[in-house]
Amino acid sequence: MEIVPSLLSADFSDLAKEIRAVEKAGACRLHLDVMDGHFVPNITIGPFIVEAIRRQTNLHLESHLMIENPDKYIDAFVKTGSDTVIIHIEASKDIRKDLAHIRDLGANAGLVLNPPTDFKAIEPHLAYIDHLLVMTVNPGFGGQKLIRSSLSKVTLAKPYQDKYGFYIEVDGGINMDTLAEAKAAGTDLFVAGSAVFSKRQPYESFKELSEKLIGE
Ligand code: DX5
Ligand code: ZN
C-alpha cells in the first residue's frame, strides 16, 4: 500500500523542489493529472510537462488522462516518460483497443471510471488492465470531498484483482480523515493531492499520511 502524491496541488513554479520533497519522504510514484478543458472544465498539463518531470525523477509516473479522444495522445504520453497511462471509460471510443495500444508501447494500461459510472461498464475489460483507478470525486479539481459510495467499486473489483493482478487505486478526497475508510475497502494505492501539497510541507504531510496508512 502506498500514498501516491498528485502534483495537481503542488507549486508549479518549483516542481523540482516539490518532487524532491516527496521523493525524500519515501514516495515511489507520482500521479499526473492531465486535463483538456473538454472532458473536464479545467486545463492542466500536457506531454511537454511530463517530459520535464521525467527529467527530474526516476519515480514511476502515472498519467491520468482526463481528455477527450485519448487514443490520439497515448503515444505522446508514453514517449515523454509515463510508466502507466490511465484512460477514462467515459472518454474512449474503443477502450479495448486503447488499453492494448498502451501495453504495445511497453507501458502499463490503466482504466478509470467516474463516480456516476456503474461498475458493470468496466467489468468486461478488467482482464486487460494493469491498473484500475476508481474516482472518488468528479474529476476536474483538487480539494473536493470524498464521494463515499464510490468505494464500493473497490470492493467489487477485488475478486477480479485476485484473478488478473492489477493495482487498485482511489483518486479524490483522500486525507487523514478518509484514509482508513478507503483502506478498508481494499485499496492498494491512494492518490493524495491537496492533503500532501496544500497544507504543510509536502515532506511532513506525505510522511504523516503514510504512517497513518500503515498504522491503521
Ligand atoms: C481530480 C484529480 C485528482 C486530484 C486529487 O480530478 O484526478 O488526482 O489531484 O486531489 P485531492 O487529493 O485534493 O482530492
Ligand atoms: Zn487524478
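The following paragraphs describe the binding site of ligand 1 and the pocket around that site in a predicted model.

The pocket offers a convenient starting point. Ligand 1 occupies the largest pocket, which holds about 310 Å³ of space. This pocket is lined by 26 residues, and those closest to its centre are Gly-142, Gly-143, Gly-172, Gly-173 and Ser-194. Strands E2, E3 and E8, together with helix H7 (194-197), each give two or more residues to the lining. Sorted by class, the lining of the largest pocket comprises 11 nonpolar, 12 polar and 3 charged residues.

Attention may now turn to the ligand itself. Around ligand 1 there are 20 residues, of which Asp-33, Gly-140, Gly-143, Asp-171 and Ser-194 come nearest. The shell draws at least two residues from each of strand E2 (29-35), strand E3 (60-66) and strand E8 (189-192). Among the contributors, E2 gives the most, with 3 residues. In this shell, 8 residues are nonpolar, 10 are polar and 2 are charged.

Individual atom pairs complete the picture. An oxygen atom of ligand 1 lies 2.5 Å from a side-chain N or O atom of Ser-194. For Asp-33, the distance between a side-chain N or O atom and an oxygen atom of the ligand is 2.7 Å. At Gly-140 the partner is a polar backbone atom, found 2.8 Å from an oxygen atom of ligand 1. On its own, ligand 1 has 380 Å² of accessible area, and the protein covers 100% of that area.

Definitions and conventions. Residues are numbered from 1 along each chain as its sequence is written. Chains are lettered from A and ligands numbered from 1 in the order in which they are written. This is a predicted model: local features need pLDDT of at least 70, side-chain atom pairs count only at pLDDT 80 or more; totals for chains, interfaces and linings use all residues. Side-chain values use heavy atoms; hydrogens and water are left out. A residue is near a molecule or strand if one of its heavy atoms lies within 4 Å of it. A polar contact is a pair of N or O atoms within 3.5 Å; within protein, one must be able to donate a hydrogen and the other to accept it, and residues adjacent in sequence count only if both atoms are side-chain atoms. Accessible areas come from the Shrake-Rupley method with a 1.4 Å probe; for residues, only the protein chains shown count as cover. On a 1 Å grid over the protein atoms alone, a cavity is a set of points where a 1.4 Å probe fits but cannot get out, and a pocket is an open set with protein on both sides within 12 Å along at least five of seven lines; lining residues have an atom within 4 Å of a point. A molecule sits in a cavity or pocket if more than half of its atoms lie within 2 Å of its grid points. Helices (H or I, at least four residues) and strands (E, at least two) are DSSP runs, numbered from the N terminus. Ala, Val, Leu, Ile, Met, Phe, Trp, Tyr, Cys and Pro count as nonpolar, Asp, Glu, Lys and Arg as charged, and the others, Gly among them, as polar. Grid points are joined across faces, edges and corners, and a volume is the space filled by probe spheres set on the points.
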